[in-house]
Amino acid sequence: MHKQRIASRVANIKPSPSSSAADRANELRRQGQDIISLVVGEPDFDTPPHIGEAAWQAIQRGETRYTANSGSLAMQQAITGKLERENALHYQENEIVVTNGAKSAIFTAFLATIEAGDEVIIPAPYWVSYPDMVIACEGTPVIAQCTEAEGFKLTPERLRSVLTEKSRWLVINSPSNPTGASYNHDDYVALAEVLADYPDLLIMTDDIYEHIRYDDQDNVHLLNAAPQLKGQTLIINGVSKTYAMTGWRIGFAAGPFYLIDALQKLQSQSAGNACSVSQAAAIEAYNGDQSFVKQSQAVYQSRRNNTLAKINQIDGLHCSPPDGAFYLYVGCEKLIGLQTEQGHTLNTDTDVVLYLLETANVATVAGSAYGLSPYFRMSIATSQNLLDDACERIALALAKLK
Ligand code: PMP
């Protein structure tokens, strides 16, 4: 009999909760239920045609072979150009590695740097993958709680309280998934004052939502406010969210050469290189017409305003306006302790999410997945009609609670 054995590093991690919630919603759909799924974090737009056309042209030119492990030179140049133009940050081509989505850049960075027991500071609410990636690399996630009253942002005091001699990384995700919280210039200056005492700490900035921002807020990067941190900072970004290119799988890391070189080495023995055709598309995304970015931002802004207002009108729910990204992180503490018509008590946000799925047929993700309860996350990357319908269904379902 074959003994089925899997390494403990896999046993120790959870599958992505948003993927599990999406699977459950799909299962109910297959059973014939009319489910509105507000689970998945990806733009509902198609990739702009000029980007698809660039991919097709690359195929016709025969750009269908391996590229350099760290990406084609043209792709690296498109990225250094983007960082210069949009972020006023200066990088050389050899300080860039192109990866299979931002996700792979983050994982490779952790794998390249974390020794067993190293600590990674992750402000909560966090993107679900950070802690599990750290665990897969045998590191220890250290969760720094950030409350709604603090704008869901890491305060200098909290940062200082979680830093130890074992701290290896601090992860900053602005605008954040799931809360949309975004750090401004002064926030960064205050954090940098604390970080000045930790020159060996690495800082990861996950900038994947940088162009999905509301109310004309400035796009300030940590390194604009605190350029002295450049030698210890790794920038993570990619085309997935900004250009509706989640399926193309192009991300990148930008940072000091020694780190990029390590990522490149690890990638050369694992993924190899990111898809050549997708790189051609991403070059067009960065260098070509940018009107999609503005247009999609306007659509997100209008959905965010409308849906936020609707959620805040529902008895028992409240939501602070997100600064960016395309989620609402909805507080539901007033529902805890209430009873359903079937006599079940809602004890946790997981109970609330299950109730919404079963009674309102609206799929969301429980705050417990992101490290701060009782909340649930709803994605607004779907049509306003569906969002309106979802809010109505949620209101009706909640009105039945006693
Ligand atoms: N970081 C955050 C905060 C995200 O929400 C996501 C996508 N859900 C990623 C990284 C990964 O993006 P990509 O599709 O480029 O791998």
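This is a dialogue about a predicted model and the terms used to describe it.

Visitor: What should I know about the model and its numbering?
Guide: The model is predicted, and local features need pLDDT of at least 70, side-chain atom pairs count only at pLDDT 80 or more, while totals for chains, interfaces and linings use all residues. Residues are numbered from 1 along each chain as its sequence is written.

Visitor: Why is Phe152 called buried or exposed?
Guide: A residue is buried if 20 or more other C-beta atoms, placed from the backbone, lie within 10 Å of its own, exposed if 12 or fewer, and partly exposed in between. Phe152 has 24 other C-beta atoms within 10 Å, and therefore counts as buried. Phe152 is found in the loop between β4 and α7 (156-162), where helices (H or I, at least four residues) and strands (E, at least two) are DSSP runs numbered from the N terminus.

Visitor: And why does Glu138 get its own exposure class?
Guide: Glu138 has 16 other C-beta atoms within 10 Å, so Glu138 is called partly exposed. Its place is in the loop between α6 (129-136) and β4 (140-145).

Visitor: What makes the backbone at Glu138 and Phe152 worth pointing out?
Guide: Most residues other than glycine have a negative phi, and most peptide bonds are trans. Glu138, although not a glycine, has a positive phi of about 65°, and Phe152, also not a glycine, has a positive phi of about 60°.

Visitor: Which peptide bonds are cis?
Guide: The bond from Ser174 to Pro175 is cis, with omega near -15°, and Pro175 lies in the loop between β5 (167-173) and α8 (185-195). The bond from Ser373 to Pro374 is cis as well, with omega near -10°, and Pro374 lies in the loop between β11 (365-366) and β12 (375-379).

Visitor: How do you know that a residue belongs to the shell around the ligand?
Guide: A residue is near a molecule if its C-beta atom, placed from the backbone, lies within 6 Å of it. There are 13 residues around the ligand, and the closest are Gly101, Ala102, Lys103, Asn177 and Ser240. Helix α5 (residues 101-113) gives the largest share of this shell, 3 residues.

Visitor: What makes up that shell by class?
Guide: The shell has 3 nonpolar, 8 polar and 2 charged residues, where Ala, Val, Leu, Ile, Met, Phe, Trp, Tyr, Cys and Pro count as nonpolar, Asp, Glu, Lys and Arg as charged, and the others, Gly among them, as polar.

Visitor: Which residues touch the most other members of the largest nonpolar core?
Guide: A nonpolar core is a set of buried Ala, Val, Leu, Ile, Met, Phe, Trp, Tyr and Cys residues joined through C-beta atoms within 7 Å. The largest core holds 116 residues, of which Met204, Ala253, Ala282 and Val330 touch the most other members. This core draws at least three residues from each of domain 1 (9-40 + 292-399) and domain 2 (49-287), with bounds from an automatic or database domain assignment.

Visitor: How do you know that the two domains are in contact?
Guide: Two residues are in contact if their C-beta atoms, placed from the backbone, lie within 7 Å. By that rule, 29 residues of domain 1 are in contact with 29 residues of domain 2. On the side of domain 1 that touches domain 2, the largest share, 7 residues, comes from α12. That side has 13 nonpolar, 11 polar and 5 charged residues.
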